[in-house]
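Hi,

Here is the structure I promised to pass on. Have a look at it first, and then read my notes below.

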Amino acid sequence: MTGTRRTVAALFLLPALVLLGALVVYPIGYSVVRSFYDQSGDGFAGIDNYKALFTDEGIRTALKNNIIWVVFAPTVATALGLIFAVLTERVRWGTAFKLVVFMPMAISMLAAGIIFRLVYDQDPDKGFANAVWVGVHDTFSQASAFPKAHPGRDSPLEPAGGGAFITKSPVRAGEAVSLPLVGVAPDLMPDGAAAAAKPEPDKVTGTTWQDFTRGKGVGTLNRVDSAELGYAGMKIEAVKDGRVVASATAADDGTFTLPASADGAQLRLPASNFKEPYNGLDWLGPSLVTPAIIGSYIWMWAGFAMVLIAAGLASVPRELLEAARVDGASEWQVFRRVTVPLLAPVLAVVAVTLMINVLKIFDLVFIIAPGSSQDDANVLALELYRKGFSEDQPGIASAISVFLLLLVIPVMWFNVRRLRREVRR
């Protein structure tokens, strides 16, 4: 009877074992063997492919980035999951919040990558991250409305260095000064029509305006015409011996007035008038691409961590928490000295699971990182793909796959041991 049961059990297990052997065991074995052969697969290369893991610049960058991923992504995702689970435990809308946080888990890596490729777009009008960043920046540091403005032909202005412009000769009180500029798109100009400033005794007056009128042969050079627009808000400084003695801001029609102290000074349009608009951070540039992609990963997996930790938190004896509060412990002390130690096994399982997951991260890096910075965001799984399919180096690709397996095995072994220990309890 026992033999019959074993036979029946073997027959039931046989399909699964065949699939396991065909889809897992055979590919692993083949990769190990292939990693010792050259590119053609005919010549034995020994450990040359494994030496390339530590000499190839692309693989070393990938290894460095994998270390960054393993250190930061699981830690931050687990910490956020813990915070969300604890904070939502007592609120009425906690379940709804958990549902929202967990929702990204329903999105594939491909879809998440496309979403965050748009989120991190450099253009603030397209990328959400830069739209927020630019909005906050411009709240404290307003950009100029005239970043492209510059002196035109036969202008009384000349470059003063650092992006500023200055009059070629000193001005005199009782004179009306013309400060014409060109270069600003008409649709970006203020609406106020320019007006020719009138001379005033003991004062320096003038106009700064867009010396351009649409239409061929229309308008007079360096003179205010009726169809031309003033540079409202333009800052003007009177400079003597390198020192600012007076300043003014142009009115809506571009006119300005300086006191008598400006007599004999040169008028300078400071560089702040022509400051380029702030376009935010280059999220997908060489320096920020890896942290940006890690951020998208955390957005997806923090909900996974939260759900598991919340399940562990539900099994924590409430008597222990209440006893700590009765003994005078603050909520922070209860959290740090009671809740976290009791959740340590769950936190370890979550962190280790995420570590295994990030060791083989591929999709997000491949989709989010643009071609110009993909080398800087490179990880081992992506380098495996590139070596195996783009660069036609299957031997090195197989060595990378074996190396990844060796990295994952200790983490899996630790996780299995911990799970078995929990079962015994």
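A quick one to start with: which residue in strand 6 is the bridge partner of E237? The partner is S247. Please keep in mind throughout that this is a predicted model.

**The five-stranded sheet**

That pair belongs to the contact between strand 5 (residues 235-240) and strand 6 (residues 243-249), where six bridges hold an antiparallel pairing. The two strands make a hairpin with two residues between them, and D241 has a positive phi there, near 55°. On to the other partner of strand 5: strand 8 (residues 266-269) is joined to strand 5 by three bridges, and these two also run antiparallel. If you want a spot to look at, find A238, which sits opposite L267 of strand 8.

Zooming out, the sheet is open and has five strands in the order 1-2-8-5-6, with antiparallel pairing. Its edges are strand 1 (157-161) and strand 6; each has a single partner strand, so one side of each lacks a neighbour in the sheet. From one strand to the next, the twist averages 30°.

**The three-stranded sheet**

There is also an open sheet of three strands, ordered 3-4-7, and here the pairing is mixed. Strand 3 (176-181) and strand 7 (255-258) are the edge strands, pairing on one side only. Neighbouring strands in this sheet are turned against each other by 25° on average, ignoring direction. Strand 3 and strand 4 (residues 204-210) run parallel, with six bridges between them. Within that pairing you can pick out P180, which stands opposite W209 of strand 4.

As a reminder of the background, strands of a sheet pair through backbone hydrogen bonds, in either a parallel or an antiparallel way.

**A helix pair**

Next, take a look at helix 8 (residues 318-326) and helix 9 (residues 331-359). Their axes lie 10 Å apart and the packing angle is about 150°. Angles over 145 degrees count as roughly antiparallel, and therefore helix 8 and helix 9 are roughly antiparallel to each other. Their crossing is right-handed.

**A salt bridge across the chain**

How many salt bridges does the model have? The count comes to 11. One of them joins the side chains of K387 and D56, at 3.2 Å from N to O. This pair links distant parts of the chain, with the two positions 331 residues apart: K387 is in helix 11 (residues 380-390), while D56 is in the loop between helix 2 (48-55) and helix 3 (57-87).

**The nonpolar patch**

Last item, and one to see with the surface switched on. A nonpolar patch on the surface is formed by L13, L17, L19, L20, L23, V24, V25, I28, V32, L405, L406 and I409, which together have about 1100 Å² of accessible area. Which helices each supply at least two of its residues? They are helix 1 (2-34) and helix 12 (394-424). Helix 1 gives the largest share, with nine residues, while L406 is found in helix 12.

That's what I have for now. Write back if you'd like to go through any of it together.

Cheers

Note on methods
Residues numbered from 1 in each chain as written. Predicted model: local features only at pLDDT ≥ 70, side-chain atom pairs only at ≥ 80, totals over all residues. Heavy atoms only, no water. Patch = residues over 30% accessible without salt bridge, like charges linked within 9 Å, V, L, I, M, F, W, Y side chains within 5 Å. Areas by Shrake-Rupley, 256 points an atom, 1.4 Å probe, with all protein chains shown as cover. Salt bridge = Lys/Arg side-chain N within 4 Å of Asp/Glu carboxyl O. Helix = DSSP H or I, 4+ residues; strand = E, 2+ residues; numbered from the N terminus. Pairing = 2+ DSSP bridges. Axes fitted to C-alpha atoms, helices over the stretch in contact; angles between N-to-C directions. Parallel < 35°, antiparallel > 145°, perpendicular 65-115°, else oblique. Left-handed = near helix turned anticlockwise from the far one by under 90°.
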